[in-house]
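Please read the following report alongside the sequence and the three-dimensional view. It moves from a helix and its packing to an aromatic cluster, and then to single residues in strands and loops.

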Amino acid sequence: MNLLIHTDCRSYEGAKPCEFHKRDGRLCEGCADYDPIKVRIVIVKLAAVGDVLRTTSILPALKRKYPGAEITWITKSNAAPLLKDNPHIDRVLVTERSYLEYLHNEKFHLGICLDADPQSATIHSIAHCIERRGFVCDEAGRVQPIDERAHGWWLMGLNDEKKKANRRTYQEIMYEICGLDLPTAPPQLTLSGASEEFAKRFLEKNVSLKASKKIIGVNTGGGGRWQYKKWTFEGYVRFIEIMKERHPQVGLVMVGGPEEVELNQRIKHAVGDKVVDAGCDNSLGDFAAIINTFDVFLTSDSLGMHMGVALGKPTVVLVGPTSPWELDVFGKGDILYSDIDCLVCYLSRCDKVVTCMNTLQPEYVAAKVERHM
């Protein structure tokens, strides 16, 4: 007996029965859940974890433009957990494990690389794609924009004045490069059941939070690339004190990453039980789940910010050396920045006395957070 097997179905596994056959024994022929793949898309996005998350904004528009699309995303292993369980993504390949053999064998209708860095652009160049968007590498290993749509973003990466003059959001620029229709969508993030359970246990363990009318999250994380992505120690301490003075029934939770351990210990020592320290060693999924418990979220321009926006939280963002105009909270929150002349410098270190961060006053920041309470 010859069985009909739909090898073009999204549920086809190759070496084992599909989920529907395992569930009820059904055969391919006449299956009501047969979902043929019509367009194959590969996305190469390796950069910082926060950049990977904010780039997921293109996924809903890609699915609308290319019905029946199968999407493969190539990234680094540290960002892969953010893409897991995303309903728009069919397969995640990581550069630290096997992936090149797939690229050498497979053909894609569309390839997308939105980073003008040599590794990403080279991976994109290796992939067999009928059409391409973004960046490739030439035979000398030099990154090149594919067309005019990518040319402006490429120049912004090479010229500080063009970067500073830009007033379009990152998502708007990426949509243009990909040839997608506006409006832009927020980043896409799916929490796992295990991470949601972790956040539930976190709230149960911290009884004061369960009794709070609202929870405000304070993310001190900003990575190590830019010194003044993070607010000042004095700023964080005074903000927490102001919020507790004005709103004693509100719970405050402090989060950060591995590079904020010392800073968060100092803040906790200064404010005592005014804030709950959620730690700096949470997995990406657990970090996102903790953010999901917040009613309002104060953060720097960081991974935490993109998580808050993806989860639909009112997010107040403190911005220093990076561009505030590239950021978007999609109508939920505020983007705060100083009017200092050297804003958007993209300098990793700064020796100025008056800076983009110490000019953001705690009273001003507290008032902005209160707007979303």
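The buried residues of helix H15 are Leu303, Gly304, Met305, His306, Met307, Gly308, Val309 and Ala310, where buried means under 20% relative accessible area, exposed means over 50% and partly exposed lies in between, with a 1.4 Å probe and protein chains only. H15 spans residues 303-310, and with eight of its eight residues buried it is mostly covered; helices (H or I, at least four residues) and strands (E, at least two) are DSSP runs, numbered from the N terminus. This is a predicted model, in which local features need pLDDT of at least 70 and side-chain atom pairs count only at pLDDT 80 or more, while totals for chains, interfaces and linings use all residues. Residues are numbered from 1 along each chain as its sequence is written, and side-chain values use heavy atoms, with hydrogens and water left out.

The partners of these buried residues are helices H2 (49-55), H4 (80-83) and H14 (284-291), together with strands S7 (214-219), S10 (296-300) and S11 (315-319). After H15 comes glycine 312, which has a positive phi near 75 degrees.

How do H14 and H15 pack, in terms of angle and axis distance? Their axes are 9 Å apart and the packing angle is about 60 degrees, the axes being lines fitted to C-alpha atoms, for helices over the stretch in contact, with angles running from 0 to 180 degrees between N-to-C directions. H14 is therefore oblique to H15, since angles under 35 degrees count as roughly parallel, over 145 as roughly antiparallel, 65 to 115 as roughly perpendicular and the rest as oblique. Leu284, Phe287, Ala288 and Ile291 of H14 make the contact with Leu303, Gly304, Met307 and Gly308 of H15, contact meaning heavy atoms within 4.5 Å.

Tryptophan 231 and tyrosine 236 are both buried. They form an edge-to-face aromatic pair, 5.4 Å centre to centre and with 80 degrees between the planes; rings of Phe, Tyr and Trp (its six-membered ring) pair if their centres lie within 6.5 Å, and planes under 30 degrees apart count as stacked, over 60 as edge-to-face and the rest as tilted. Ring pairs also bring in Phe239, linking Trp231, Tyr236 and Phe239 into a cluster.

Valine 250 lies in strand S8 (residues 250-255) and is buried, its relative accessible area being 7%. Leaving aside residues up to four places away in sequence, valine 250 touches Ser212, Lys214, Ile216, Lys244 and Met373.

The loop between H9 (170-178) and H10 (193-205) holds threonine 184, which counts as buried at 17% relative accessibility. Apart from residues up to four places away in sequence, its contacts are Gln171, Glu172, Tyr175, Asp328 and Phe330. Proline 183 is also placed in the loop between H9 and H10, and the peptide bond leading to proline 183 from leucine 182 is cis, with omega near 10 degrees.

Most residues other than glycine have a negative phi, and most peptide bonds are trans. Two residues with a positive phi are set out below.

| Residue | Phi | Loop | Relative accessible area |
|---|---|---|---|
| Aspartate 85 | about 70 degrees | between H4 and strand S3 (91-94) | 46%, partly exposed |
| Phenylalanine 330 | near 55 degrees | between S11 and strand S12 (333-337) | 23%, partly exposed |
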